[in-house]
Amino acid sequence: MGRGLVNRLLALIAACAALAVASAAQAEDGYRLWLRYAPLEGEALARVRALPLVVHADQDPTVALAGEELVHGLAKLRGEERRPGVVITASRLARPLPPGSLSFECRDSAVPPGGAFAIKPADGGLRISAGEPIGCLYGAFALLRELSLGRNPAKIDLDERPAMPLRLLDHWDDPNGYVLRGYSGRSIFDWWKLPEHLDQRLVDYARADASIGINGAVVNSVNASPLFLTDRYIPKLRRIADAWRPYGIRLYICARFSAPKDVGGLPTADPLDPAVQAWWKARADALYAAIPDFGGFLVKANSEGEPGPQDYHRTHAEGANTLARAVGSRGVVIWRAFVYSAEDQTDRAKQAYNEFVPLDGQFEPNVILQVKNGPVDFQPREPFHPLFGAMPHTRLMFEGQITKEYLGQATHLAYLAPYWKEVLDAQTGRGGTVAQVIAPAGMAGVANTGSDRNWSGSHFNQANWYAFGRLAWDPTLSSAQIAREWAMQTFSRERGFIGKVVPMMIASREAVAEYMTPLGLTHQMATGHHYGPGPWICNLKRPEWNPCYYSRADKGGIGFDRTASGSNALAQYAPSVAAQWADPRTIDEDYLLWFHHVPWDFRTPSGRPLWGELVYRYDRGVATVDEMAATWASLAPYVDPERFADTADFLRIQSREARWWRDASIAYWQSINGLPLPAGTRPPEHSLDYYKALSFPEAPGE
């Protein structure tokens, strides 16, 4: 054999080996999310092998998906490629069922509609019961989750129903594939190829959503293009809706308020103009003719320059009601309450309350007001929005941000369930907790899903997608329980892993809040990309875009006075809530500088002056990130090499950038207060001028 041929053969063998290695690596690249169904071991494996048969007696597509999911999941949990059972359709069903069957009853009148399900022992096996097919699919995913966590099938006895009717993801995706505040690649919606070609990723996305109870998705940005209301886009939307329907996912679109002018040929978009009203009715009718279960419209109006009813001296209620009447009983109109204007310079945090509370009771029954978790803008920490509980005659919906615009975006590890729980569990003083106030409507999360192979930009960002769905289904779940579920399904069931990674996740968001905006500071991010620190920025066109607007730092102190002596935003809360935050000496320190401007020498509960406490919090945030990195390094034996290395790299980035945040912030505050650092404190690595000179033209998220 000639040397040239030998070399070619060796090269071919090496290439094949490289392909095999690459294929193995891709197996744990994060694409499978929490639906890996990693093989069980020991007693848990033996118990799953005692569930040999999957039966369903309904040819409904959703029920078929439930059966297929169980067959697939059980095979994976058993470590087998072959099917551990069979799916029997109604035409082949025999009575009685074989002992030990896993069966479905998907039209059980004893189970309420809306996705509820029960999993009960039956005939030596298990039966999933639901009032409608989607409940069977939710039940199938719930059963596989329980088995993946090592639960004994003989002891599984579930009776669940979703706490809220709407559990939505909002995609801020543009028709050209760009994702506003997206840190996970390009959009998953390829409008150019639709309707002829539907990417399998959209089906896999719907499956992942259904596995955590999400039942709707808004497919385009709130800064909406009018294209989505044109005849050319309706077939594209229909193709997606048809693919998602078996998974219980209803499709919604953001509607541009000025669309009657933009694409409708009308001279006005005045919501009280009869021609405008007729145009919206015709567009809604066309959408429902193509998509009978179309969810409805989401609207951002008169906010950040977007058009709205106030352009015509109409109220938000008049604008929303025009669209709501066009939709009718077929769906809903979700009207975002995120509004602020350059004209109102008293306090940006007050504007939504001031605009919407006087309109309580004026909205059509199918209008839902979508309210951000806090009164400013998805900051690392905010008090709950004062609108929650303040509009008893209007349905309110929670809006949270899964994509971490202000919390390190893709690279910083920040598990957000504790953040959302702070809001959901908060007593409004007007009708119960926030979770109770929004229960008649639901929750929406600004999605972090993109074209990156791992969907979310980082492996741990997947946990926020998972946590959002679980909390929308059941807001009483604890952050630790959700973290444990996610970590066991996504990485490892080993106690040595779970015992360390769950506390690390729980601590992560607090760490970000401390090295970015401790003690209730807010909006200290640089302009545009919202990534790094920029507390010195004071020259932007609109005052409320400037970080210095929020810190109010001067020689005498720091913080935004929102008491009666300042903007009086505190008065927007119920008296019982306002009383908790009124006194700087007794307020929860996490909200101190949100509500109070206090001197630098103000004595905090720790005994340290405010300046010393502020520096201490920055340092504690940095130290927590270092501890997270050390914890992750110790978990290498439990995690596949690719995902371990990716996370380790990102934690190194987070550790470096936490120091950047800490050093730049401290350097700026020192330039304002002229105070020395507390004894033993490490000084900033660079001068303030160095940090001010940094620029990031390549930063994502603009």
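Two strands are said to pair if DSSP finds at least two bridges between them. The legends below use the term in that sense and describe close-up views of a predicted model.

**Figure 1. Strand β10 pairs with a strand on either hand, β9 and β11.** Strand β9, which covers residues 296-299, pairs with β10 in the parallel sense, and four bridges connect them. Within this pairing, Val-299 stands opposite Trp-335 of β10. Strand β11, made up of residues 367-372, also runs parallel to β10 and is paired with it over four bridges. Here Ile-334 of β10 stands opposite Ile-368 of β11.

**Figure 2. Strand β10 is buried on both of its faces.** In a regular strand, the side chains alternate between the two faces of the sheet. In β10, one side carries Val-332, Ile-334 and Arg-336, while Val-333 and Trp-335 are on the other. Every one of these residues is buried. Since five of the five residues of β10 (residues 332-336) are buried, the strand is largely enclosed by the rest of the structure. The cut-off behind this reasoning is a relative accessible area under 20%.

**Figure 3. Helix α9 takes part in a β-α-β unit with β9 and β10.** The unit formed by β9, helix α9 (residues 316-327) and β10 is right-handed. Between β9 and α9 there is a loop, and Asn-302 is found in it. The phi angle of Asn-302 is near 50°, which is a positive value in a residue other than glycine. Asn-302 counts as buried, with a relative accessibility of 14%. At the other end, α9 is followed by Gly-328, whose phi is also positive, near 65°.

**Figure 4. Helix α9 is mostly covered by its surroundings.** The 12 residues of α9 reach 17 Å from the first C-alpha to the last. This span is close to the 16 Å expected at 1.5 Å a residue. Of the 12 residues, 10 are buried. Among them are His-316, Gly-319, Asn-321, Leu-323 and Val-327. The elements that cover the buried residues of α9 include the helices α8 (274-290) and α10 (351-356). Strands β9, β10 and β11 also belong to this cover.

**Figure 5. A disulfide joins Cys-106 to Cys-136.** A disulfide is a covalent bond between the sulfur atoms of two cysteines. A search of the whole structure finds two disulfides. In the one shown here, the distance from S to S is 2.0 Å. The angle about the S-S bond is -110°, and the link of Cys-106 and Cys-136 is left-handed. Cys-106 lies in the loop between β2 (101-105) and β3 (117-122), whereas Cys-136 belongs to helix α4 (residues 133-148), so the pair ties together parts that are 30 residues apart in sequence. Both Cys-106 and Cys-136 are buried.

**Figure 6. A disulfide joins Cys-538 to Cys-548.** The S to S distance in this link is 2.3 Å. Cys-538 lies in the loop between α15 (495-516) and α16 (547-551), and Cys-548 lies in helix α16, so this pair ties together parts that are 10 residues apart in sequence. Cys-538 is partly exposed, with a relative accessible area of 42%. When the bonded cysteines are counted along the chain, the disulfides follow the pattern 1-2, 3-4.

**Figure 7. The largest nonpolar core has 227 residues.** In soluble globular proteins, nonpolar side chains tend to be buried together. In this core, the residues with the most contacts inside it are Trp-244, Phe-297, Trp-465 and Trp-632. Helix α20 (residues 641-673) supplies the largest share of the core, with 11 residues.

**Figure 8. Two loops contain backbone angles worth locating, at Tyr-37 and at Pro-195.** Tyr-37 lies in the loop between α1 (3-26) and α2 (42-48). The phi of Tyr-37 is near 50°, a positive value in a residue other than glycine. Tyr-37 counts as buried, at 3% relative accessibility. The second loop, between β6 (166-170) and α5 (200-211), contains Pro-195. The peptide bond from Leu-194 to Pro-195 is cis, and its omega is near 5°.

Key: Residues are numbered from 1 along each chain as its sequence is written. This is a predicted model: local features need pLDDT of at least 70, side-chain atom pairs count only at pLDDT 80 or more; totals for chains, interfaces and linings use all residues. Side-chain values use heavy atoms; hydrogens and water are left out. A disulfide is a pair of cysteine sulfur atoms within 2.5 Å. Helices (H or I, at least four residues) and strands (E, at least two) are DSSP runs, numbered from the N terminus. Buried means under 20% relative accessible area, exposed over 50%, partly exposed in between (1.4 Å probe, protein chains only). A crossover is right-handed if, with the strands pointing away from the viewer, the path from the first strand over the helix to the second runs clockwise. A nonpolar core is a set of buried Ala, Val, Leu, Ile, Met, Phe, Trp, Tyr and Cys residues joined through side-chain atoms within 4.5 Å. The expected span of a helix is 1.5 Å times one less than its number of residues. Contact means heavy atoms within 4.5 Å.
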